[in-house]
Amino acid sequence: MVEDSTPVTVHVYCRVEVTITEAAAVIDHAVADLRAADIDWSTEEDDLDAAADELRADVTTALESVVDISRVVESIPGVEFRGGHCWAEHGPARDPYRGPGSVTPTARMVVADRGRRDGTP
């Protein structure tokens, strides 16, 4: 047990399985989030319409763009979300002991700042 107020960094690993029954709803939500995000498109490789088209083309990419893992600890006093990896994949679950670096995911996004799609500040 930590008895002083020295910050401690802890890694939390999760795997969540979801079933998507309304792909259009997921895609609409992802596109709306993208349009509402404070993104400077002049610094991006694509533009808003091209990015929205990417989300419309793949429900897995759309879902991972709206997953907010920072909410796991948002209401816990004294805990600050600092960032993490969030990804979605098609197919069967991987060996949980191999981790995200062992197989290239279908899509991956670092979640640290919801204002940018790539998670960089």
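Here a trainee and a mentor talk through a predicted model of one chain.

Trainee: Before we start, what should I keep in mind about this model?
Mentor: It's predicted, so local features need pLDDT of at least 70 and side-chain atom pairs count only at pLDDT 80 or more, while totals for chains, interfaces and linings use all residues. Residues are numbered from 1 along each chain as its sequence is written, and side-chain values use heavy atoms, with hydrogens and water left out.

Trainee: What makes a stretch a helix or a strand here?
Mentor: Both are DSSP runs numbered from the N terminus: H or I with at least four residues for a helix, E with at least two for a strand. The chain has 3 helices and 2 strands, in the order α-α-α-β-β.

Trainee: Why is Ser 70 called buried?
Mentor: Buried means under 20% relative accessible area, exposed means over 50%, and partly exposed is in between (1.4 Å probe, protein chains only). Ser 70 has 18%, so it's buried. Ser 70 is in the loop between helix 3 and strand 1 (84-88). Of the chain's 121 residues, 20% count as buried.

Trainee: And what makes Gly 83 partly exposed?
Mentor: Its relative accessibility is 34%, which falls between the two cut-offs, so partly exposed is the label. Gly 83 is also in the loop between helix 3 and strand 1. Gly 83 and Ser 70 are 13 residues apart along the chain, and their C-alpha atoms are separated by 7.4 Å.

Trainee: How do you know that Ser 70 makes a polar contact with Asp 68?
Mentor: A polar contact is a pair of N or O atoms within 3.5 Å; within protein, one must be able to donate a hydrogen and the other to accept it, and residues adjacent in sequence count only if both atoms are side-chain atoms. The side chains of Ser 70 and Asp 68 make theirs at 2.4 Å, so the distance fits.

Trainee: Why is the Arg 56 and Asp 53 pair called a salt bridge?
Mentor: The rule asks for a side-chain nitrogen of Lys or Arg within 4 Å of a carboxyl oxygen of Asp or Glu. This pair has 3.3 Å, N to O, so it qualifies. Arg 56 and Asp 53 are 3 residues apart in helix 2, so about one helical turn separates them. Arg 56 is partly exposed at 42%, and Asp 53 is partly exposed at 45%.

Trainee: How many salt bridges does the rule give?
Mentor: The count is 2. Glu 74 and Arg 71 also meet in one, at 3.3 Å, N to O. Glu 74 has 54% relative accessible area, so it's over the 50% mark and exposed. Arg 71 is exposed too, with 53%.

Trainee: What makes a set of residues a nonpolar core?
Mentor: It's a set of buried Ala, Val, Leu, Ile, Met, Phe, Trp, Tyr and Cys residues joined through side-chain atoms within 4.5 Å. The largest one here has 11 residues, including Val 26, Leu 34, Ile 39, Leu 55 and Val 66. Helix 1, helix 2 (48-57) and helix 3 (59-66) each give two or more residues to this core, and helix 1 gives the most, with 5. In soluble globular proteins, nonpolar side chains tend to be buried together.

Trainee: Which residues of helix 3 are buried?
Mentor: Thr 60, Ala 62, Glu 64 and Val 66.
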